[in-house]
Amino acid sequence: MSVAVAVTDSPEGRLALESAVAEAQSRSTGLLLINLTLHDFDTEEVPPGLEVTVINRSGRGDRDPVAAVIDEIDEHPEVDRLVLGLRGRSRVGKAVLGSVAQRLILRSPVPVLAVRTDRTRS
Amino acid sequence: MSTGYPRRQSTSAASTKFDLPHMGSGRPVHRLGVIATVATFGGLLFGYDTGVVNGALEPLSEDFGLTSFSEGLVVASLMVGAAFGAVFGGRVADAQGRKKTILLLACVFIAGTLGCVLAPGAAFLIGARFVLGIAVGGASATVPVYLGEVAPSEKRGSFVTRNELMIVGGQLAAFIINAVIFNFFGHVDSIWRWMLVVALAPAIALLVGMLFQPESPRWLISQGRTEEALAVLKLVRSPERAEAEVAEVTHLAAEDAKESTGGLSDLGTRWVMRLVIIGVGIGFFQQLTGINSVMYYGTQLLTNAGLDSGVAIIGNIANGVFSLAGISLGMYLLNKLPRRVMFLTGYALIALFHTLVALTAVFVPAGPGQAWTVLAFLVLFVFSMQGTVGPLTWLMLSEIFPMKIRSFAMGICVFVLWMMNAVVAQFFPPLIQGMGMTATFGMFAGIAVIAFVFLACLLPETKDKDLAQFERDFKAKYGRK
């Protein structure tokens, strides 16, 4: 069993990583860190104290981040949870651009844990 | 016109990580020279085919009864073809190999040239120029890559520079050949066909010559054909160096693959989008300096200002000479001046000389006096443009993008650049006819001022910076917190 997390270059991505670390710790499993940003993660950026596998996005085959994540989950059958970061989007933004998160939720073969940055909770 | 496609050099760790034996001397060096000579025929053709209308246009226009709008279309169709050739040429070269692609482009050069030379009417000519444009754009994307991959790391820069010089040299050659043909054989019907047919010679030389040149070792390694790559390296390096270089080339091939990682969805990242906007702006404004209106319509401008066509076509050679001189100076300045200083100085000078051209048309009465004054300011504009903004644009585009989205981001910028080239080519003749020289060059001056402000506000400095560090700093500054 293992937790996969899609880390984008944004506050949502950082929040997703934090949440995934907590999830993996509470379930005592490893973490499959799928790095969707445009830089390769170095060791300082990898959370300590966990068994982490870092997958950096590389090459034309990984151009679509959704395909990159789904391919990795297919290749790692031990993954049974995917963690994603979401943010509120404007109407215009929704009309103009497709959402990576939405496509991931719809296509993920494993249950998805979605965390949101702009949540307000008392 | 300086439309190369340089590779960024500072990210390749070649110089630091790989301690390589000397590249060798004697036979391998001679072989490299042959490769460079043959491949840069691609650059020469690029220059000749874009420059030849400057001089061929007038007899052609009389022959086919063109209006200023259809004149624009004849010139611009090549640039539209080039926009597609530049974007898709790289893809073909990655899939099929550099050598095969250049051979294919040579065939397209030959077919396109024949189509233009034998064109029965304007519509056919426009189509044939579009086809020729695909070859021009393809060559602009493929030849520098091939040269950079065959050359040893310490010679990479000078090989790519050589191609740049051949492009501008090709334009100058076209201006000179046009002037000679027109002044000696101007009475012959359809003399423009003879001006265009000259391009067949370098096209055939490229085709035949490339048959005997090796495939790029870097591409062979990217395809897993290491044995063949080593055989090629042994051809162009000393035996020790060839063995030693396989590791470096393998590393570089892997880096290349990374460059095509990012795509459309990465533009959603704010700091990446910001860089792409800057890059698109750099390409957009480079063409709106109007450099190519001089390169394509210089002869016509001088005729309009009051010179005889025979004299105008000779006067136009000055544009080619100053272009070549400017780009030589520019290549030297690239290593001396900070990028921002060079860019801003360039646009300031461009605005100045455009203003002077515009004022000349107002204050100097039409006739040879006006024409020579216009020519003086035009060559000063060409010289300052090619000495700064021309080569710098390409260098900047190769430096500012994060490595993993470089291929996609540069594709967008290069496409925009060629399309703006087409827009200027299309609308310059109707603008000159409709608004006159003063308004048209006044407009160019205004656009140069806008470019100055745009770059002053947005352009980051990259000179002497480690590009990976630049990437991190830019992200820290403009990324979403």
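Me: In chain B, what share of the contacts with a separation of 6 or more comes from residues 24 or more positions apart?
Reply: Happy to start there, bearing in mind that this is a predicted model. Among contacts in chain B with a separation of 6 or more, residues 24 or more positions apart account for 85%.

Me: Is chain B made of helices or strands, and how many of each does it have?
Reply: Chain B has 0 strands. Its count of helices is 22.

Me: What radius of gyration does chain B have, beside the globule rule for 481 residues?
Reply: The globule rule gives 23 Å for 481 residues, and the radius of chain B is close to that, so chain B is as compact as a globular protein of that length. Its C-alpha trace spans about 65 × 55 × 40 Å along the principal axes, and buried residues make up 54% of the chain. The radius of gyration itself is 22 Å.

Me: Which elements of domain 1 of chain B give two or more residues to the side that touches domain 2 of chain B?
Reply: Let's place the domains: the assignment gives domain 1 as 1-6 + 22-213 and domain 2 as 261-481, with 21 Å between their C-alpha centres. In the contact, 39 residues of domain 1 of chain B meet 41 residues of domain 2 of chain B. The elements on the domain 1 side are helix 3 (41-51), helix 4 (53-64), helix 5 (68-96) and helix 8 (156-185) of chain B.

Me: By class, how many nonpolar residues are on that side of domain 1 of chain B?
Reply: The side of domain 1 that touches domain 2 has 3 charged and 15 polar residues. Its nonpolar residues number 21.

Me: Which strands of chain A stand at the edges of the sheet?
Reply: The open sheet has 5 strands in the order 3-2-1-4-5, with parallel pairing. The edge strands each have a single partner strand, so one side of each is left without a neighbour in the sheet; they are strand 3 (52-56) and strand 5 (112-116) of chain A.

Me: Which residue stands opposite Asn35(A)?
Reply: Strand 2 (residues 30-35) of chain A pairs with strand 3 of chain A in the parallel sense over 5 bridges. Opposite Asn35(A), in strand 3 of chain A, stands Asn56(A).

Me: At about what angle does helix 4 of chain A run to strand 4 of chain A?
Reply: Helix 4 (residues 100-107) of chain A lies across strand 1, strand 4 and strand 5 of chain A. Its angle to strand 4 of chain A is about 160°.

Me: How many residues does chain B bring to the contact with chain A?
Reply: Chain A brings 15 residues. On the chain B side there are 4 nonpolar, 8 polar and 6 charged residues. Chain B's contribution is 18 residues.

Conventions. Residues are numbered from 1 along each chain as its sequence is written. Chains are lettered from A and ligands numbered from 1 in the order in which they are written. This is a predicted model: local features need pLDDT of at least 70, side-chain atom pairs count only at pLDDT 80 or more; totals for chains, interfaces and linings use all residues. Two residues are in contact if their C-beta atoms, placed from the backbone, lie within 7 Å. Ala, Val, Leu, Ile, Met, Phe, Trp, Tyr, Cys and Pro count as nonpolar, Asp, Glu, Lys and Arg as charged, and the others, Gly among them, as polar. Two strands pair if DSSP finds at least two bridges between them. Helices (H or I, at least four residues) and strands (E, at least two) are DSSP runs, numbered from the N terminus. Axes are lines fitted to C-alpha atoms, for helices over the stretch in contact, and angles run from 0 to 180 degrees between N-to-C directions. The radius of gyration is taken over C-alpha atoms; the globule rule is 2.2 Å times the number of residues to the power 0.38. A residue is buried if 20 or more other C-beta atoms lie within 10 Å of its own, exposed if 12 or fewer, and partly exposed in between; C-beta atoms are placed from the backbone. Domain bounds come from an automatic or database domain assignment.
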